[in-house]
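Biologist: I have a structure on the screen and some labels I want justified. Can you take me through them?

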Amino acid sequence: MTIRAAVRGVGHYLPEKVFENREFAATLDTSDDWIRSRSGIERRHFAAEGETTSDLAAKAAEAALADAGLTPADIDAVVVATSTADLTFPSAATMVQAKIGMTQGFAYDVQAVCAGFVFALSNANGLILSGQADRVLVIGAETFSRIMDWTDRGTCVLFGDGAGALILERTEGTGTPEDRGILASDLHSDGRYQDILYVDGGVSTQSTGHLRMHGKEVFRHAVEKLAETAHLSLGKLGLTGEDVDWIVPHQANLRIIKATAQKMGVPMDRVVITVQDHGNTSAASIPLALSVGKARGQIKPGDLIVAEAIGGGLAWGSVVFRW
Ligand code: UT7
């Protein structure tokens, strides 16, 4: 008998305000055509004034609980992947815990920027396999609109706000890749690349700062490293791209998503794509895509999924799981 962390529920929340590409042209030298052709992004959601990351996360959590038919009392741990927590402390996860009315268990944040959800999923899997929790609420939630430099057309047109949540539950499997649940993961970081994607402020430097990115450099690393991490995690199971039902990639750029799928030998009709409607929502993009992919009828029980992501650090990784 093998313990597995299987998906019991999924949900998401997007702030009401939708901002179309053409609306940037009022203040920036840019166009819908440039943004669409370079990134695949058409629109994104922005949080309202006063609406915080933990607000979005709590709403996504409630949607996932409803999908699972569970209540907050059934959850042992909350792990929130975010780089844009409401406050320096306490964690966004403890705020979510309070907002959904959960008074037992434990909650904490994981910060690996755009790779955050993959790191959090792998971490939550560890909580379940080690017997520290039977049900874990894993959330990716961000308000990247708060760290944009609205005069920098190379970054501010790319990001959006949102949240997605998964509930992982302890189940018993057979120890084969046919089991439902998390089957393998592969995580990396390399701090030598911290200056190609970062925020130029923080607590210890006493400012909030803005996101700075050398897009071309990040692009180059992304295609190479995402295909490699997917290959490594699938390889742990003796599987290849051919066995994959869905790639659920971090939604940063449609050109990166296409190039990675091509390197993996997976056709685009087996890739869940939401970047056109959400932009880059950092740690929220994968759980958002899982929730939307399920709602669209793309992701079905038994499907083999590879989720892969890369972001500031650089930090990158992938998780293979059966829905
Ligand atoms: O989630 C974390 C991971 N992040 C990523 O994966 C992002 C990775 N990078 C990218 O997605 C792409 O590099 C971008 C979408 C950011 C940029 O695409 P690119 O094809 O690499 O364009 P570029 O940065 O080389 O810029 C090309 C041109 C430049 O003009 P010149 O120097 O050729 O005259 C830019 O100034 O496009 C210009 N440009 C713009 N033009 C209109 C940059 N931003 C804009 C804009 N509108 N918004």
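Modeller: Start with one term: contact means heavy atoms within 4.5 Å. Keep in mind that this is a predicted model.

Biologist: Which residues is Glu169 in contact with, leaving aside its neighbours within four places in sequence?

Modeller: Arg4, Ala5, Ala6, Arg8, Ile128, Asp134 and Arg135. Glu169 itself sits in strand 7, residues 161-173.

Biologist: Why does Glu169 count as buried?

Modeller: Buried means under 20% relative accessible area. Glu169 has 15% relative accessibility, so it counts as buried.

Biologist: What makes the link between the side chains of Glu169 and Arg8 a polar contact?

Modeller: The cut-off for a pair of N or O atoms is 3.5 Å, and one must be able to donate a hydrogen and the other to accept it. The Glu169 and Arg8 side chains are joined at 2.7 Å. The Glu169 side chain also makes a polar contact with the side chain of Arg135, at 2.5 Å.

Biologist: Is Ala107 buried or exposed, and how do you know?

Modeller: The limit for buried is again under 20%. Ala107 comes in at 16% relative accessibility, so it is buried. Ala107 belongs to strand 5, residues 106-110. Not counting residues up to four places away in sequence, Ala107 touches Val78, Ser91, Ala93, Thr94 and Gln97. The C-alpha atoms of Ala107 and Val79 are separated by 5.8 Å, although these residues are 28 apart along the chain.

Biologist: What about Glu62: why is it called partly exposed?

Modeller: Partly exposed lies between the 20% limit for buried and the 50% limit for exposed. Glu62 has 41% relative accessibility, so it counts as partly exposed. Its place is in helix 2. Beyond its neighbours within four places in sequence, Glu62 is in contact with Lys99 and Ile100. The C-alpha atoms of Glu62 and Gly11 are 7.6 Å apart, with their positions 51 residues apart along the chain.

Biologist: What makes helix 2 oblique to helix 3?

Modeller: Helix 2 (residues 53-68) packs on helix 3 (residues 92-99) at about 55°, with the axes 9 Å apart. Roughly parallel needs under 35 degrees, and roughly perpendicular starts at 65. The angle fits neither class, so helix 2 is oblique to helix 3. Their crossing is right-handed. Helix 2 brings Ser54, Asp55, Ala57, Ala58, Ala61 and Glu62 to the contact, and helix 3 brings Ala92, Met95, Val96 and Lys99. By class, that is 6 nonpolar, 1 polar and 3 charged residues.

Biologist: And why are helix 5 and helix 6 called oblique?

Modeller: Helix 5 (residues 215-235) and helix 6 (residues 254-264) pack at about 40°, with axes 9 Å apart. Under 35 degrees would be roughly parallel, and 65 would begin roughly perpendicular. The two helices are therefore oblique to each other. Helix 5 passes helix 6 in a right-handed crossing. Residues at this contact include Phe219, Leu226 and Leu234 of helix 5, and Ile256, Lys263 and Met264 of helix 6. The contact residues divide into 10 nonpolar, 1 polar and 2 charged.

Biologist: How do you know that helix 8 is largely enclosed by the rest of the structure?

Modeller: Count its residues under the 20% limit. In helix 8 (residues 285-295), 9 of the 11 residues are buried, so it is largely enclosed. Among the buried ones are Ile286, Pro287, Leu288 and Val292. Just after helix 8, Gly297 takes a positive phi of about 85°.

Conventions: Residues are numbered from 1 along each chain as its sequence is written. This is a predicted model: local features need pLDDT of at least 70, side-chain atom pairs count only at pLDDT 80 or more; totals for chains, interfaces and linings use all residues. Side-chain values use heavy atoms; hydrogens and water are left out. Helices (H or I, at least four residues) and strands (E, at least two) are DSSP runs, numbered from the N terminus. Buried means under 20% relative accessible area, exposed over 50%, partly exposed in between (1.4 Å probe, protein chains only). Axes are lines fitted to C-alpha atoms, for helices over the stretch in contact, and angles run from 0 to 180 degrees between N-to-C directions. Angles under 35 degrees count as roughly parallel, over 145 as roughly antiparallel, 65 to 115 as roughly perpendicular and the rest as oblique. A crossing is left-handed if the near helix is turned anticlockwise from the far one by less than a right angle, and right-handed if clockwise. Ala, Val, Leu, Ile, Met, Phe, Trp, Tyr, Cys and Pro count as nonpolar, Asp, Glu, Lys and Arg as charged, and the others, Gly among them, as polar.
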